[in-house]
Amino acid sequence: MNSIVRDYLAYAFKSTSCLAKQLNRESLTPVVAMWQEDNYLVIATCDGYRQHEFRLLMFRDDGSSPALMHGRVLAFSPAAIAAAARALDDKLGEIDSLHVDYYDDQTTISLLASGITIGLKATESQHKDHIRRFAATFTEVERPDVIKVNAKELLAALPKPRRNNERMHMLVHFLGSTWQVGIQPELNNWQPTEYSGTFNAEDVQGETDCKLNVQMLREALEVAERYHPFAECTIALTKRNEPALVRVEIGKVLYYKAYIMPIVKIPR
């Protein structure tokens, strides 16, 4: 059977179920999508402004390559995924492993461990295909501008947006090896705040010039910090108005990616 680390899976479920519920498009139903890439189970969701993806390594006792979903992309309701996360946290320890299997009906994933069995039944969804295509589209996009950061340190330096206005309009401008937080309620109205800083020159590649929503960036960094407080995290940008990529790797066991739509360049 295919095995996976419980703690990584439970947190991926919790994080994606929360983000999926923020989808605000009448034509789409919020879902958490899953598929297999090589030896990894991919768990992903999108709220229209950002997409979070968790790639969790699966392994088998006999050393063979895991085969779980046979090329299919499945969609699950956020409520079902959140319930599974709670059950895993209640019943199992952080380092416990789970067995992951795929029923012959091709619509159910089962999670098995000592004292617990969870069956996740897939739901019909067009949104899952959007999520999968988005992931595939940006896998090979060249991002020439990269900043290496410590998630814990950058989170401590960035302010926490409190009011709705701040959550919407508080941005962080990455320019060269510097960052500056400001409020931008209108197109040409950039209001710098007291929050700013610099990166070490060796941690910056290319010529960064991009504005990201502070709340969305914080949420991505919080996931990275949760998996490993001192893991090296990268913020990768493009020369075009395409999503910025926040990425962290925990050895070969887990890859986490968050795509965040940038704010187009605006004169300061």
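How many bridges join strand 4 to strand 18 (residues 254-260), and do the two run parallel or antiparallel? Seven bridges join them, and the two strands run antiparallel. The report below sets this pairing in the context of the predicted model.

## Overall make-up

The model is a predicted one. The protein contains six helices and 18 strands. Its chain has 268 residues, and 51% of them count as buried.

Contacts can also be sorted by how far apart the partners lie along the chain. Among contacts with a separation of 6 or more, 66% are between residues 24 or more positions apart.

## Strand 4 and its partners

Strand 4 covers residues 50-57, and seven of its eight residues are buried, so the rest of the structure largely encloses this strand. Strand 4 pairs with strand 3 (residues 40-46) through seven bridges, and this pair runs antiparallel. Within the pair, Val-42 stands opposite Arg-55 of strand 4. Strand 3 and strand 4 form a hairpin, with three residues between them. Gly-48, in the turn of that hairpin, has a positive phi of about 100°.

Strand 18 is also joined to strand 4, by seven bridges in an antiparallel arrangement. One bridge there links Leu-56 with its partner Leu-254 in strand 18.

## Two aspartates

Asp-38 lies in the loop between strand 2 (32-37) and strand 3. Phi of Asp-38 is near 55°, which is a positive value in a residue other than glycine. Is Asp-38 buried or exposed? Its relative accessibility is 69%, over the 50% cut-off, so Asp-38 counts as exposed.

Asp-101 belongs to strand 7 (residues 97-102). With a relative accessibility of 31%, Asp-101 counts as partly exposed, because this class takes in values between 20% and 50%. Asp-101 and Leu-112 are eleven residues apart along the chain, and their C-alpha atoms are separated by 8.1 Å.

## Helix 1

Helix 1 is made of 15 residues, numbers 6-20. The expected span is found by multiplying 1.5 Å by one less than the number of residues. For helix 1 this gives 21 Å, and the end C-alpha atoms are 21 Å apart, so the two values agree.

Of the 15 residues in helix 1, 13 are buried, so this helix is largely enclosed by the rest of the structure.

## Helix 6 and Arg-218

Arg-218 is a residue of helix 6. Its relative accessible area is 6%, so Arg-218 counts as buried, the cut-off being under 20%. Which residues does Arg-218 contact, leaving aside its neighbours within four places in sequence? They are Leu-155, Leu-158, Pro-159, Lys-160 and Pro-161.

## The largest pocket

Rolling a probe the size of a water molecule over the atoms shows where empty space is left. The largest pocket in this model has a volume of about 530 Å³. It is lined by 21 residues, and those nearest its centre are Tyr-49, Arg-167, Met-168, Asn-213 and Met-216. By class, the lining has ten nonpolar, six polar and five charged residues.

Which elements each supply at least two residues of the lining of the largest pocket? Helix 5 (164-169), strand 12 (178-186) and helix 6 (214-227) do so. Helix 5 gives the most, with four residues.

Note on methods
Residues numbered from 1 in each chain as written. Predicted model: local features only at pLDDT ≥ 70, side-chain atom pairs only at ≥ 80, totals over all residues. Heavy atoms only, no water. 1 Å grid on protein atoms, 1.4 Å probe; cavity = no way out; pocket = protein on both sides within 12 Å on 5 of 7 lines; lining within 4 Å. Points joined across faces, edges and corners; volume = space filled by probe spheres on them. Nonpolar A, V, L, I, M, F, W, Y, C, P; charged D, E, K, R; others polar. Buried < 20%, exposed > 50% of the residue type's maximum accessible area, 1.4 Å probe, protein only. Contact = heavy atoms within 4.5 Å. Pairing = 2+ DSSP bridges.
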